[in-house]
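Visitor: I am new to this structure and should like to learn how to read its features one at a time. May we begin with the idea of burial?

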Amino acid sequence: MNFNETKYINWVRENIKSGVDYPLVVSGIRDIPLSELTKLGFSLKDIETKGSYADFDGFARLKEEIACRYRVKPANVTLAAGASMGMFLPSIALLNPGDEVIVEEPCYPPLLNIPLGLGCRVKRLSRPFENGFQPDIAQLKKLLTKQVKLIYLTNLHNPSGARISQDDMYKIAKLAGRVGAYVISNEIYMEYLGKNSPAPAFKLSDNVITIASLTKAYGLGWVRAGWVLSTPKLASLFNRIIVYLVGQNSYPSEKMALFAFRKIKYLQKYTDTLISTNLAILKDWMESEEKLEWVEPAGGAICFPRLPRGIKAMDFVAHLKKKYSTLVAPGEFFSEASLSLRRDGEASHFRLGFGVKTEILKKGLKRISQALRTFKPR
Ligand SMILES: Cc1ncc(COP(=O)(O)O)c(C=O)c1O
């Protein structure tokens, strides 16, 4: 095994640490402070651990709550420390060195680094800008062989916010099923759609595994509350692996997650109001900003605009940060191997997070426009 550094995560950490006024690099909404949960009625007594370790495979009441939300059985739910662990569990459970996997392109970098780290052979499934960032199903058919064990997808897509329809997801699951492959459907951004979100893709077919968490749409990344929906057989395999990774998930964290689930309507309301206000501002700005093109996101708090030909995203982003104290993420990180995003040999997109406070967004967008006019390609 050879787990390389995730250059993107390092880059974000370094750049955030050095401080910017307009951090449009984030993909979640603000972190909800503990004090706000306390105002909603959360008390330290709620994380009393007495008798807790009886639920060896994760806090039963939380599993029931999640199962109820998605209309599945508690036996379909595995609790994980964030969607990060959620993605890792099926990867180590189902992959062996030398297996083939298919990873969407562009992608959230860990999707690529996990199978590479496990010694798998990675094939890329393009989600081109020209196709609204939808996966190319004709290409998928060609990529699928008996050696393919896992397909990694995000829905909504990170970085673009595009949504794969249930019909297409079903087609993908069926195609994968023919060669005995599983599909990971990372739905962490689908949470943003709240009541309007479709049923988790796991419900379409037994070879689909849905992953999500409270991190992005609810501002609770610090609780590390993630979950995986799968068949009970896979769930018990994942629980076996959790014993090696962390022994048992953090019980206080699981209890906080339960509290959050019970207040989900309140949390969702904050998110809906912020996102609908900010998306309207973003759309107006994109309409007036003639230097950029985009695929409007289907929801969530990220989009992936395309820069004018000949501008290298990495250079533009450095200019934007230095002169305008505004941070967006260079497209190169999501598309290291991409040809679809390279014109004149250069990646040409950046990821813009719009789940920040509305005032920050307005000012940040203004600065991006200024930077587009003052940037001089090298
Ligand atoms: C697609 C995707 N999966 C997982 C994560 C990490 O989620 P968590 O904080 O729940 O571990 C992120 C964070 O950016 C993400 O974009």
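Guide: A residue counts as buried if 20 or more other C-beta atoms lie within 10 Å of its own, and as exposed if 12 or fewer do. Please note also that this is a predicted model.

Visitor: By that rule, is Arg 224 buried or exposed?

Guide: Arg 224 has 21 other C-beta atoms within 10 Å, and therefore it is buried. Its place is the loop between helix H8 (215–218) and strand E8.

Visitor: What is the sign of phi at Arg 224?

Guide: The general idea comes first: most residues other than glycine have a negative phi, and most peptide bonds are trans. At Arg 224, phi is positive, near 55°, in a residue other than glycine. Phe 133 is a further case, with a positive phi near 60°. Phe 133 sits in the loop between strand E4 (121–126) and helix H6 (137–143), and it counts as buried because 25 C-beta neighbours lie inside 10 Å.

Visitor: Which residues are joined by a cis peptide bond?

Guide: Glu 105 and Pro 106 are joined by one, with omega at about 5°. Pro 106 belongs to the loop between strand E3 (100–105) and helix H5. Asn 155 and Leu 156 are likewise joined by a cis peptide bond, again with omega of about 5°. Leu 156 is placed in the loop between strand E5 (148–154) and helix H7 (166–178).

Visitor: How should I read the surroundings of a single residue, for instance Leu 111?

Guide: One begins with its element, then its burial, then its contacts. Leu 111 is part of helix H5 (residues 109–117). It counts as buried because it has 24 C-beta neighbours inside 10 Å. Apart from neighbours within four places in sequence, Leu 111 is in contact with Val 103 and Tyr 152. Ile 184 is 73 residues away from Leu 111 along the chain, yet their C-alpha atoms are separated by 9.9 Å.

Visitor: How does one compare the span of helix H9 with what is expected?

Guide: The expected span is 1.5 Å times one less than the number of residues. Helix H9 (residues 232–246) has 15 residues and should therefore span 21 Å; its end C-alpha atoms are 21 Å apart, in agreement.

Visitor: Which residues of H9 are buried, and which are exposed?

Guide: Leu 234, Ala 235, Phe 238 and Ile 242 are the buried ones. They cover an arc of only 95° around the axis, which puts them on the same side of H9. Lys 233, Arg 240, Val 243 and Tyr 244 are exposed on the other side. The cover over the buried residues of H9 includes strand E2 (77–81), helix H4, strand E7 (208–213) and strand E8 (225–229). After H9 comes Gly 247, with a positive phi near 75°.

Visitor: What does the same reading give for helix H12?

Guide: Helix H12 (residues 313–324) has 12 residues, so it should span 16 Å at 1.5 Å a residue; the 15 Å between its end C-alpha atoms agrees with this. Its buried residues are Ala 313, Phe 316, Val 317, Leu 320 and Tyr 324. Seen down the axis, these residues fall within an arc of 100°, so they line one face of H12. Just after H12, Ser 325 takes a positive phi of about 50°.

Visitor: Which residues come nearest to the ligand?

Guide: There are 13 residues around the ligand, and Gly 82, Ala 83, Ser 84, Ser 213 and Thr 215 come nearest. Helix H4 (residues 82–94) gives the most to this shell, with three residues. By class, the shell has three nonpolar, 10 polar and no charged residues.

Visitor: Finally, how is the chain divided into domains?

Guide: Domain 1 comprises 7–32 + 266–374, and domain 2 comprises 49–263. Their centres, taken over C-alpha atoms, are 25 Å apart. Domain 1 brings 31 residues to the contact and domain 2 brings 32 residues. On the side of domain 1 that touches domain 2, helix H11 (264–288) and strand E9 (302–303) each supply at least two residues. H11 gives the most to that side, with six residues. That side of domain 1 has 17 nonpolar, nine polar and five charged residues.

Notes. Residues numbered from 1 in each chain as written. Predicted model: local features only at pLDDT ≥ 70, side-chain atom pairs only at ≥ 80, totals over all residues. Domains from an automatic or database assignment. Contact = placed C-beta atoms within 7 Å. Helix = DSSP H or I, 4+ residues; strand = E, 2+ residues; numbered from the N terminus. Nonpolar A, V, L, I, M, F, W, Y, C, P; charged D, E, K, R; others polar. Near = placed C-beta within 6 Å. Arc of directions from axis to C-beta.
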